[in-house]
Amino acid sequence: MSGDRRGSPPVTGGNGVVEPENKPAPVIVPSQRLRLHANKDHMPESYEDLQLDFCPSIFSSLEKYLPPNMLHDSREEKVKFMRDILLKYLPHGERTRDSLGIGMSENIYHARLGRVPLVRGVDSRTGNYALLCYDAQKHREYRQKIISHYKVCDMGTLGYLFYFTGVEVEDGGPLKRELYTMHPVTFFVPSFMKAINDNTEDSLRSIISEPSPGVLTFEMLQPRFCELLVAEVENFEAWVNDTKFRIMRPNTMNKYGAVLDDFGLETMLDKLMDGFIRPISKVFFPDVGGATLDSHHGFVVEYGKDWDAELGFHVDDSEVTLNVCLGKQFSGGELFFRGTRCDKHVNTGSQPEEIFDYSHIPGRAVLHLGRHRHGARATTSGHRINLLLWCRSSVFREMKKYQKDFSNWCGECSREKKERQRTSIAITKSELLRKDGESVA
């Protein structure tokens with residue numbers, strides 16, 4: 001892999017799929033447009049008592065963005081309006097995760113729990129651009145197979161049966177309790193815990209370094225937690241190999257690794273995002289929904305001689321990405337960053353100040369925008385395992401559809417805006433000088 005991506009590299013989507021150039025844009029009826037800014041004085045209704053396709057809180061959040069003439073309509077009318085919009089919206093990054101015929105149903109499943117919204121996209125089975133709405137039952141069946149067939153191995157336990165059924169597994173021991181319930185004091189290093197508990201912008205900035213614009217690094221995970229999570233993943237993969245159970249990998253770019261949400265860690269990762277990543281994102285990434293992160297995709301990836309070697313140049317299907325190295329001993333595997341871009345400018349060149357390489361350190365976190373273009377160089381020796389948490393904001397994704405100016409976070413949009421401003425100033429200055437010359441004459 002070439003380490004320097006200064007030109008115009010082809011950037012893949014968060015799931016490793018190149019965006020189709022000729023895909024039609026979703027048809028948005030003008031009457032179905034939400035407001036760009038929330039109606040701050042409006043108190044949304046509760047939808048908890050209704051039987052809905054999506055989490056009631058999604059409707060309450062979106063209600064603030066309804067057109068003014070709809071704010072006093074009946075709940076039924078507002079639900080219909082908002083549901084039609086939600087059905088046009090689905091994260092792109094998991095469109096091809098259907099090796100088991102269930103790639104899209106995961107999104108529907110999580111949407112019904114309020115974890116992801118829905119949009120139109122490319123059906124990886126047919127290649128057609130359509131509403132991706134497969135039966136959520138298939139994903140539940142997939143997870144149920146793990147519950148029914150997974151057996152506790154000698155090296156540890158997933159605690160999966162306990163997580164879903166409440167049945168204690170005697171062999172589980174402290175590994176199950178520590179990993180599947182959020183224990184901040186044992187998970188995180190003291191400096192990180194103190195900054196989160198103080199809950200001020202100054203406290204967060206005191207532990208975070210920004211070696212390159214938009215790339216945050218900080219000490220985060222305790223060595224013991226890293227060891228436990230690695231052992232847990234290895235135990236699960238040993239069972240997968242022994243039983244020949246066919247699992248979904250994190251995305252189409254990685255042939256190795258595991259989706260943590262699929263074997264019981266979803267609740268813990270929800271708490272990680274809600275209580276620890278969102279407070280940081282609110283301060284450092286407010287322009288991309290950092291304060292409204294409401295869903296995640298959690299997984300581990302593995303690199304080395306017997307695993308994936310490297311990761312191509314791409315953007316993530318997330319608003320904010322957390323990347324933490326868990327170990328083990330390895331050489332190489334540096335991340336390289338090449339600037340944040342919107343969809344329009346994703347394949348433009350990089351400016352010198354946007355070029356940055358980062359070397360992983362176990363337990364140390366990297367936090368960046370999902371649209372920050374990056375890749376990973378080859379892990380030349382040893383075995384590297386990383387925890388990834390793609391954090392998403394359904395509100396930001398819906399609002400982004402009505403925006404045209406992304407200069408507050410897209411490097412190329414910002415450069416073009418500044419160039420337009422310079423040109424405008426130069427023209428104005430020239431015109432003023434011309435008029436001054438005429439008045440003197």
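How much space lies in the largest cavity? In this predicted model, the figure comes to about 190 Å³. That cavity turned up in a search of the whole structure, which finds 3 cavities of 30 Å³ or more. Its lining takes in 20 residues, and those nearest the centre are Tyr303, Leu311, His314, His374 and Leu388. Strands do a good share of the work here: β6 (295-304), β7, β8 (320-327), β13 (372-376) and β14 (379-392) each put at least two residues into the lining. Of the contributors, β14 gives the most, with 4 residues.

Pockets are another matter. The second largest pocket has a volume of about 580 Å³. Around it sit 26 lining residues, with Pro213, Thr340, Glu354, Trp409 and Gly411 nearest the centre. At least two lining residues come from each of β3 (209-212), β10 and α13 (411-440). Helix α13 gives the most to this lining, namely 5 residues.

Stepping back to the whole chain, the protein has 13 helices and 14 strands. Of its 441 residues, 53% are buried. The accessible surface comes to about 20500 Å², and carbon and sulfur atoms account for 52% of that. As for how the chain meets itself, take the contacts with a separation of 6 or more: 79% of them join residues 24 or more positions apart.

Aromatic side chains come next. A search of the whole structure finds 11 aromatic pairs. One of them brings together phenylalanine 187 and phenylalanine 188, whose ring centres are 6.2 Å apart; their planes stand at 80 degrees, and the pair is edge-to-face because that angle is over 60. Both partners are tucked away from the surface: phenylalanine 187 has 2% relative accessibility and therefore counts as buried, and phenylalanine 188, also at 2%, counts as buried too. A second pair, phenylalanine 313 with phenylalanine 336, is stacked, with 5.9 Å from centre to centre and 15 degrees between the planes. This pair ties together distant parts of the chain, given that phenylalanine 313 belongs to strand β7 (residues 311-314) and phenylalanine 336 to strand β10 (residues 335-340), 23 residues apart. Phenylalanine 313 has a relative accessible area of 4%, so this residue is buried. For phenylalanine 336 the relative accessibility is 0%, so this ring's residue counts as buried as well.

The rings also group up. Phe187, Phe188, Phe192, Phe218, Phe225 and Phe276 form one aromatic cluster. Phe276, a member of that cluster, is also one of the buried residues of helix α11.

Helix α11 spans residues 266-284 and isn't straight: there is a bend of about 45 degrees at isoleucine 277. A proline, proline 279, follows the bend within four residues. Which residues of α11 are buried? The list is Glu266, Met268, Leu269, Asp270, Leu272, Met273, Phe276, Ile277, Ile280, Ser281 and Phe284. An α-helix has 3.6 residues a turn, so residues three or four places apart point the same way. Isoleucine 277, where the helix bends, is itself among the buried residues.

How values were computed
Residues numbered from 1 in each chain as written. Predicted model: local features only at pLDDT ≥ 70, side-chain atom pairs only at ≥ 80, totals over all residues. Heavy atoms only, no water. Bend = angle between axes of the 7 residues up to and from the residue. Buried < 20%, exposed > 50% of the residue type's maximum accessible area, 1.4 Å probe, protein only. Phe/Tyr/Trp six-rings, centres within 6.5 Å; stacked < 30°, edge-to-face > 60°. Contact = heavy atoms within 4.5 Å. Areas by Shrake-Rupley, 256 points an atom, 1.4 Å probe, with all protein chains shown as cover. 1 Å grid on protein atoms, 1.4 Å probe; cavity = no way out; pocket = protein on both sides within 12 Å on 5 of 7 lines; lining within 4 Å. Points joined across faces, edges and corners; volume = space filled by probe spheres on them.
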